[in-house]
Amino acid sequence: MKYIILFATFALFTLSAKGQNAQEIWDAIRAQQMSDTTVTDTVTTDTMVYDIIEMLADTSENGGIAELVVPAEVGVMMKSHIMQNQLSKRFTGFRIQIASVNSAQKPVEELEAMRDKFEEDFPYIPAYLQYTVPDFKIRVGNYRSKLEAIPHLQKIRKLYPDCYVVKCEITFNELERLPLEERRKLEAELELQRLTDSINAANGIIPEL
């Protein structure tokens, strides 16, 4: 009962925020979720230390300041949740499952090819091949809620009609796998740097440290 009261208090304290328009905030969130230009996941290692209380307390872009009335218990619960994520190095999130194959039906190499094919089709969404006894599963994206997965789900279903959103444990290590689009960009930058270093070396130019 105590936690219910604390949750209700936390939900209500935002109503006392001044200088920000709640409707504008929600409109911006929905616009971001439905945007065709969204090219990254909603979850990164940075979001694991996301503190909504600190975010609301910051001065907004237009200079608005929110006055927050937050019970100490709520602040402690938020900090505890963030610390738990950091210590466990995993969190409960959502992904879109595009395939589930019995381990005896296909070799791993073929499943990896399926994963890579998805990333070719959707280079802005990372794909993961995971083994859950007795099946291999190909799941894509990293989302904090089902709602956040919907824009990508609608696009993916055009090529993978049987896909659906699943709740799963996401580790921080998995977040290190960047979308193909970003991996290609990094590779291009590294190749350009190697070429520049090679030209400079040929011309006797010592790079600045």
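## Salt bridges, a four-stranded sheet and a surface patch

Glu119 and Arg183 pair up in a salt bridge, with their closest N and O atoms 2.9 Å apart. Glu119 sits in helix H5 and Arg183 in helix H7, so this contact ties together parts that lie 64 residues apart in sequence. Keep in mind that you're looking at a predicted model. Overall, the protein has seven helices and four strands, and 33% of its 209 residues count as buried.

**Overall layout**

- Walking along the sequence, you get the pattern α-α-α-α-β-α-β-β-α-β-α.
- Helix H5 covers residues 108–121, and helix H7 covers residues 180–202.

**Salt bridges**

- A search of the whole structure turns up nine salt bridges.
- Back to the H5–H7 pair: Glu119 is buried, because its relative accessible area is just 2% and the cut-off for buried is under 20%.
- Its partner Arg183 comes out at 23% relative accessibility, so Arg183 counts as partly exposed.
- Within helix H7, Arg194 forms a salt bridge with Glu191, and here the closest N and O atoms are 2.8 Å apart.
- Arg194 and Glu191 are three residues apart in H7, which is about one turn of the helix.
- Glu191 is partly exposed, with a relative accessible area of 46%.
- There's also a network: salt bridges with shared partners join Glu119, Arg177 and Arg183.
- Arg144 and Glu148 meet through their side chains in another salt bridge, at 3.2 Å from N to O.
- In that pair, Arg144 is partly exposed at 38% relative accessible area, whereas Glu148 counts as buried at 16%.

**The sheet**

- Four strands make up an open sheet in the order S2-S3-S1-S4, and the pairing is antiparallel.
- S2 (127–132) and S4 (164–171) are the edge strands; each has a single partner strand, so one side of each is left without a neighbour in the sheet.
- On average, neighbouring strands of this sheet are turned by 45 degrees against each other, ignoring direction.
- S2 and S3 form a hairpin, with two residues between them.
- Six bridges join S2 to S3 (residues 135–143), and these two strands run antiparallel.
- If you want to trace the register, Ala127 has Val140 as its bridge partner in S3, and Gln130 has Lys137.

**Where H5 comes up to Tyr128**

- Glu112 belongs to helix H5 and is partly exposed, with 32% relative accessible area.
- The C-alpha atoms of Glu112 and Tyr128 are separated by 8.9 Å, with the two residues 16 apart along the chain.

**Surface patch on H7**

- Leu192, Leu195 and Ile199 form a nonpolar patch on the surface, with about 290 Å² of accessible area together.
- Leu195 lies in helix H7 and counts as partly exposed, at 48% relative accessibility.

**Cysteines**

- Don't look for disulfides here: a search of the whole structure finds zero.
- Cys163 is buried at 2% relative accessibility, and Cys168 is buried too, with a relative accessible area of 9%.

Terms used
Residues numbered from 1 in each chain as written. Predicted model: local features only at pLDDT ≥ 70, side-chain atom pairs only at ≥ 80, totals over all residues. Heavy atoms only, no water. Patch = residues over 30% accessible without salt bridge, like charges linked within 9 Å, V, L, I, M, F, W, Y side chains within 5 Å. Areas by Shrake-Rupley, 256 points an atom, 1.4 Å probe, with all protein chains shown as cover. Buried < 20%, exposed > 50% of the residue type's maximum accessible area, 1.4 Å probe, protein only. Disulfide = S-S within 2.5 Å. Pairing = 2+ DSSP bridges. Axes fitted to C-alpha atoms, helices over the stretch in contact; angles between N-to-C directions.
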